[in-house]
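Trainee: Could you take me through one helix of this model in detail, and set out what surrounds that part of the chain?

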Amino acid sequence: MSLIKKFSISIFTLLFMSSVNVSAYVFDVWELEGSNPQEVAAATEKFKAKAMAGGAKYLDIRSSVKVRGDRSQDSSFVIGYYENMQSMLETNALVQQNPDWLTSTFGEYDWLVTTSSTFGNNDDFSGEIAAGNATAYTLAEVTDGFNYLVNFPKLVQKMQEMGAPATLNRASCAICGSETQPATAAMWMSAANASDLGKAMDIFSSNEMQRWLYANMAPFIDVTDQGIHVVTSN
């Protein structure tokens, strides 16, 4: 399978547009196994420069390395952020029309792209992604969508009230590869650096928060993957 095909997003993403607001915050995630974080970061920075100069509609595109979870230190992510689905699909088409952007950057390396997914929500893009940002994430199959949607904002509020120095958010899967399924939701806690994320996770792990989670969130989701990753590209 060519690098272009491996990095492409299926047109079936359009099927999700009816359930995601047109102003949604959308992001693509590619997972690369057997990769060197420094090489991924360098390739991402070179690709970003070429793509943005060529008219790509990324709000940003970053690389990160998984530091906790399955295949930690051996897995990297490349994450592209967009204003909406239209921008995502237009950018995808533009990248495929200019194959040299990928072949001259990511094509220099022999990494295994194990899965790619697209998620979206109705929130604005924060624009605060930078090297060193740390994120704890959970991918989950939602078994009770109503209670999940009702209780997640309560989780965010509770963490804020307890002083967590991190941002919590969620997104729904627009289209996910088989490695991601049956997960239908991504949830994350993002901080400016690993120290702040650690403080937030101490709060998250406290008895008070865990009792609340087991009573109000755990019954409605089945976790499929969890981990921590740190942004590596500038």
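Mentor: What follows is a close look at helix α5 and its surroundings, in a model that is predicted. Helix α5 covers residues 145–161, and because its 17 residues at 1.5 Å a residue should span 24 Å, the 25 Å between its end C-alpha atoms agrees with that expectation. After the helix comes Gly 163, whose phi is positive, near 85°.

The buried residues of α5 are Tyr 148, Asn 151, Phe 152, Leu 155, Val 156, Lys 158 and Met 159, and these pack against the strands β5 (134–142), β6 (167–176), β7 (185–191) and β8 (221–231), as well as against α6 (194–204) and α7 (207–216). The strands in question belong to a closed barrel of eight, which runs β1-β3-β2-β8-β5-β7-β6-β4 with antiparallel pairing. Neighbouring strands of this sheet are turned by 35° against each other on average, direction ignored. On this sheet α5 touches β5, β6, β7 and β8, and its direction makes about 150° with that of β6. Within the barrel, β5 and β8 pair in the antiparallel sense over nine bridges, and Val 142 has Ile 221 of β8 as its bridge partner.

The largest nonpolar core has 26 residues, of which Leu 155, Met 159, Met 187, Met 189, Leu 197 and Met 217 touch the most other members. Two or more residues come from each of β2 (60–69), β5, α5, β7, α6, α7 and β8, with α5 giving the most, five residues. Leaving aside residues up to four places away in sequence, Leu 155 touches Leu 168, Phe 204, Met 209, Trp 212 and Leu 213.

Technical notes:
Residues are numbered from 1 along each chain as its sequence is written. This is a predicted model: local features need pLDDT of at least 70, side-chain atom pairs count only at pLDDT 80 or more; totals for chains, interfaces and linings use all residues. Side-chain values use heavy atoms; hydrogens and water are left out. Helices (H or I, at least four residues) and strands (E, at least two) are DSSP runs, numbered from the N terminus. The expected span of a helix is 1.5 Å times one less than its number of residues. Buried means under 20% relative accessible area, exposed over 50%, partly exposed in between (1.4 Å probe, protein chains only). Contact means heavy atoms within 4.5 Å. A nonpolar core is a set of buried Ala, Val, Leu, Ile, Met, Phe, Trp, Tyr and Cys residues joined through side-chain atoms within 4.5 Å. Two strands pair if DSSP finds at least two bridges between them. Axes are lines fitted to C-alpha atoms, for helices over the stretch in contact, and angles run from 0 to 180 degrees between N-to-C directions.
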